[in-house]
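Q: Please give a close account of the empty space in this model, covering its pockets and any enclosed cavity. I would also like to see how the linings relate to the surrounding secondary structure.

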Amino acid sequence: MLVGFDTNDDAGVYLISSEMALVQTVDFFTPIVDDPFTFGQIAAANSLSDVYAMGGKPISALSIVGFPDKGEPEILEQIIRGGLSKMAEAKCSVIGGHSIRNDDIQFGYAVSGIIHPQRVWRNVGARAGDVLLLTKALGTGVLSTALKKDRVAPAAIQAAIASMSELNRAASEALLELQDKAGAAAPIHAVTDVTGFGLLGHAREMALGNSARGIDAVSFEIDHSALRYLPGAVDAAREGFLPGGLKNNRDFIGDCVGFAASVSQEYRDLLFDPQTSGGLLIAVSQESADAAVSALESHRVNARRIGNVIAKTNPLIFVR
């Protein structure tokens, strides 16, 4: 086992040979949008994301389905079709699955991928001086909550759906190309995808994980004004459409986060907002930061510099 659960990494990695390792992950959840086909797409993109965050290539998947006994078969068919459309885009074969009767609809995949054992990205390894990049906008949690109350504009929901349905494949491929060009320099020091723990929760895991592996401890500085936010997300947060997961994240990790007085409450909330199929959070060497942004842009990924890695201090994460 090359990567287990000791640092809450995105996926497990198991050594097969000197040239190949197996990447494994699983994810499923209840619908967050009304359209079943779209829900299937989002669930698939979310399940695939962990493999991309490790630098791996998804190759096969098993579907996981929970569906009501009296549910309409046409709805289930559309969910599965939506998932298959994204799996086909990822060139990942769906080779089976398992379904159960369940009061709530649930859908997702167990995904297997392959990776070279020497090219595995971890969610730990960030070094003081690194630049932090993020590849997607924030706000899917607050927008999904506002949608349940019918208090969000259609354009905002469409933007959120487009973000959640977008594979992290292009971002991963861009970083792999940068890594290949750099050779032994290995400028990509840590990568994770931003999902249920929100940006600050996953940043905390990245910062704390160094100590668990005996690497120099680090802290993060994040510039909230450098982040992208989905259309309508700031308004939704300001109006109080905060999902339960956001509040849980804030309660769990709030003690290790400090905010400048100039950061208003809605932006503080959005940094705790649980994301579905969020972007990649990347720690890259300062010397290669411009090249990383350019590589991502060449793959049509709008990455932003959102902060820096510094030597360990208190608080663990500071947002200005």
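A: The account below takes the pockets and the cavity in turn, together with the strands that bear on them.

The model is a predicted one, and the totals for linings use all residues. Rolling a probe the size of a water molecule over the atoms shows where empty space is left.

The largest pocket has a volume of about 770 Å³. Its lining comprises 38 residues, and those closest to the centre are Asp27, Asn46, Thr195, Gly196 and Gln275. Several elements give two or more residues each to this lining: the strands β1 (12-17), β2 (20-29) and β7, and the helices α1 (36-53), α3 (140-148) and α6 (198-212). The greatest contribution is that of β2, which provides six residues. By class, the lining of the largest pocket divides into 18 polar, 13 nonpolar and seven charged residues.

Two of the contributing strands, β1 and β2, are direct partners. They run antiparallel and are joined by five bridges, and the hairpin that connects β1 to β2 passes through two residues. Within this pairing, Val13 has Val23 of β2 as its bridge partner. In a regular strand the side chains alternate between the two faces of the sheet.

A third contributor to the lining of the largest pocket, β7, belongs to an open sheet of seven strands with mixed pairing, in the order β7-β10-β6-β11-β8-β12-β9. The strands at the edges are β7 (188-193) and β9 (257-259), each of which pairs on one side only. From one strand to the next, the twist of the sheet averages 20°. Further into the order, β6 (residues 131-134) and β11 (residues 304-311) form an antiparallel pair with four bridges; in that pair, Val131 has Asn308 of β11 as its bridge partner.

The edge strand β7 also takes part in the second largest pocket, to whose lining β7 gives the most, with three residues. This pocket has a volume of about 400 Å³. Its lining consists of 21 residues, with Gln118, Arg119, Val120, Trp121 and Ile188 nearest the centre. Besides β7, the helix α5 (169-182) supplies at least two residues of the lining. The lining of the second largest pocket is made up of eleven nonpolar, five polar and five charged residues. Strand β7 thus appears in the linings of both pockets.

Enclosed space is a separate matter. The count comes to one cavity of 30 Å³ or more, and the largest cavity has a volume of about 30 Å³. Its lining is formed by Ile32, Val33, Ser144, Leu147, Ile157, Ala160, Ile161 and Met164. Both α3 and α4 (154-165) supply at least two of these residues, and α4 has the largest share, with four. Seven residues of this lining are nonpolar and one is polar, while none is charged. Helix α3 is also among the elements that give two or more residues to the lining of the largest pocket.

One further feature concerns the aromatic side chains. The structure holds five aromatic pairs, and ring pairs link Phe29, Phe39, Phe107 and Tyr109 into a cluster. Of these residues, Phe29 falls within the range of β2 (20-29) and Phe39 within that of α1 (36-53), two elements that contribute to the lining of the largest pocket.

How values were computed:
Residues numbered from 1 in each chain as written. Predicted model: local features only at pLDDT ≥ 70, side-chain atom pairs only at ≥ 80, totals over all residues. Heavy atoms only, no water. Pairing = 2+ DSSP bridges. Axes fitted to C-alpha atoms, helices over the stretch in contact; angles between N-to-C directions. 1 Å grid on protein atoms, 1.4 Å probe; cavity = no way out; pocket = protein on both sides within 12 Å on 5 of 7 lines; lining within 4 Å. Points joined across faces, edges and corners; volume = space filled by probe spheres on them. Nonpolar A, V, L, I, M, F, W, Y, C, P; charged D, E, K, R; others polar. Phe/Tyr/Trp six-rings, centres within 6.5 Å; stacked < 30°, edge-to-face > 60°.
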